[in-house]
Amino acid sequence: MTLLSVIVPVYQVREYLADCLDSVLGQSFRDLELVAVDDASTDGCAAVLARYAARDPRLVVVTLGRNQGLGAARNTGLARATGEYVWFVDGDDWLPEGSLAAVAERLTRARPDLLVTAYTRHYPGGRARHLSLAQVGAGRPAPETFTLRERPALLSVLHITCNKVIRRRFLVDLDLPFRPGWYEDVSFSFPLMLAAERITLLDRCCYAYRQRSEGAITATVSGRHFEVFAHWDRVLAGLDADPEVPADLRHLIFQRMIWHLLQVLGHPRRVPPERRREFFAEIVTRYRAHLPPAGYQPPGGTLGVKHRLLGRGAYGLFAALQVARRAHLGVVARVRHPLAGAHPAAGSPGPAPTVPGSRAAGTVSGELTDRPG
């Protein structure tokens, strides 16, 4: 049996697709298949896939007759995969050199249900940010395999799918498909981590996560951001149906949910302004309904203040806090870059550049970078 099936959903990513395919098929590790699912792309992706499939039999192309979304494309790829493990890689991202061999070595040694790797975000303009797994060990090395109950700090790692390599039989038996709608990683990753009896970490950058300024949820103001609630409702329903999940883990998942929903609401390019009060009310409903019965300790700082405002349903104060926060970030940006917005004299250098989405640019960056299907 092939050790690894790399599943690549493909939709309107012709500009990046060759880099993605090269990063998988061009590495020294060869015991893999690559299942590419063309989700009815119209930008020429089909021709790129056909060209690569003609010269490398490890590439299997599945073509969908109509666009079904990221989750459905991943489900289709999983149904076609034959490897012992599966890795979902988005068509506009890539795998750094050597990552496949490193992942294969860890899989062979630990035989986990779930392998979680470190990853790096790559931003327009060349800036990169590495996301390690150091916090999962809480200051001490994590054992070779563990459960989420034994290492709940794993919840602090962003709930993306692409840094997770999963034993295929375990995933199939779990019957955990990707659900439709934006933020599909939420209702996939949390049940996956809860169910895995053998989790292992690879604190090496094995995934290059491209942060696009166009075509991403981070740059899309839309009412579809309300779809995040259905995914979290599935996570909460799963917790309610499993009395064996300990109270401290429920507490942490609840806190993570509120953090995530506040990130969506607080981002200036997500929820339409005229619907932010409505979005806030939806968070309040879940906050009150699922508040841990044994007591809840909000986090510290500004985030803790937001949690308390949720408990009170105080949208006016919450919105005022958001305005004050953005004003503060704007002041910081002007202090760091005093020429920003000024008209430079002839022959003088222009204003210092800022990176879109950075704190210096006066926006809330956070850890949230989900992409639509």
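This section describes two helix pairs, one strand hairpin and two loop residues in a predicted model.

Two packed helices are described by the angle between their axes and the distance between the axes. In the first pair, helix H8 (residues 247-266) and helix H9 (residues 276-290) have axes that come within 10 Å and cross at roughly 175 degrees. Because angles over 145 degrees count as roughly antiparallel, H8 is assigned as roughly antiparallel to H9. The H8 side of the contact consists of Phe254, Met257, Ile258, Leu261, Leu262, Val264 and Leu265. These residues meet Arg276, Phe279, Phe280, Ile283, Arg286, Tyr287 and His290 in H9. By class, the residues of this contact divide into 11 nonpolar, 1 polar and 2 charged.

An α-helix has 3.6 residues a turn, so residues three or four places apart point the same way. H8 itself has 20 residues, and the distance from its first C-alpha to its last is 28 Å, close to the 28 Å expected at 1.5 Å a residue. H8 is also mostly covered, with 15 of its 20 residues buried.

The second pair is formed by helix H6 (residues 186-195) and helix H7 (residues 228-240), which pack at an angle of about 25 degrees with their axes 8 Å apart. Since angles under 35 degrees count as roughly parallel, H6 is roughly parallel to H7. From H6, Val186, Ser187, Phe190, Pro191 and Leu194 take part, and they meet His231, Trp232, Arg234, Val235 and Leu239 in H7. The contact of H6 with H7 has 7 nonpolar, 2 polar and 1 charged residues.

Strand S5 (residues 114-122) and strand S6 (residues 128-131) run antiparallel and are joined by 4 bridges. Within this pairing, Arg121 has Arg129 in S6 as its bridge partner. The two strands, S5 and S6, form a hairpin with 5 residues between them. In the turn, Gly125 has a positive phi of about 95 degrees.

Positive phi values also occur in two residues other than glycine, Ala40 and Tyr183. Ala40 lies in the loop between strand S2 (32-38) and helix H2 (45-55), and its phi is near 60 degrees. With a relative accessible area of 19%, Ala40 is buried, because the cut-off for that class is under 20%. Tyr183 is placed in the loop between helix H5 (168-174) and H6, and has a phi of about 70 degrees. Tyr183 counts as buried at 1% relative accessibility.

Terms used: Residues numbered from 1 in each chain as written. Predicted model: local features only at pLDDT ≥ 70, side-chain atom pairs only at ≥ 80, totals over all residues. Heavy atoms only, no water. Axes fitted to C-alpha atoms, helices over the stretch in contact; angles between N-to-C directions. Parallel < 35°, antiparallel > 145°, perpendicular 65-115°, else oblique. Contact = heavy atoms within 4.5 Å. Nonpolar A, V, L, I, M, F, W, Y, C, P; charged D, E, K, R; others polar. Expected span 1.5 Å × (residues − 1). Buried < 20%, exposed > 50% of the residue type's maximum accessible area, 1.4 Å probe, protein only. Pairing = 2+ DSSP bridges.
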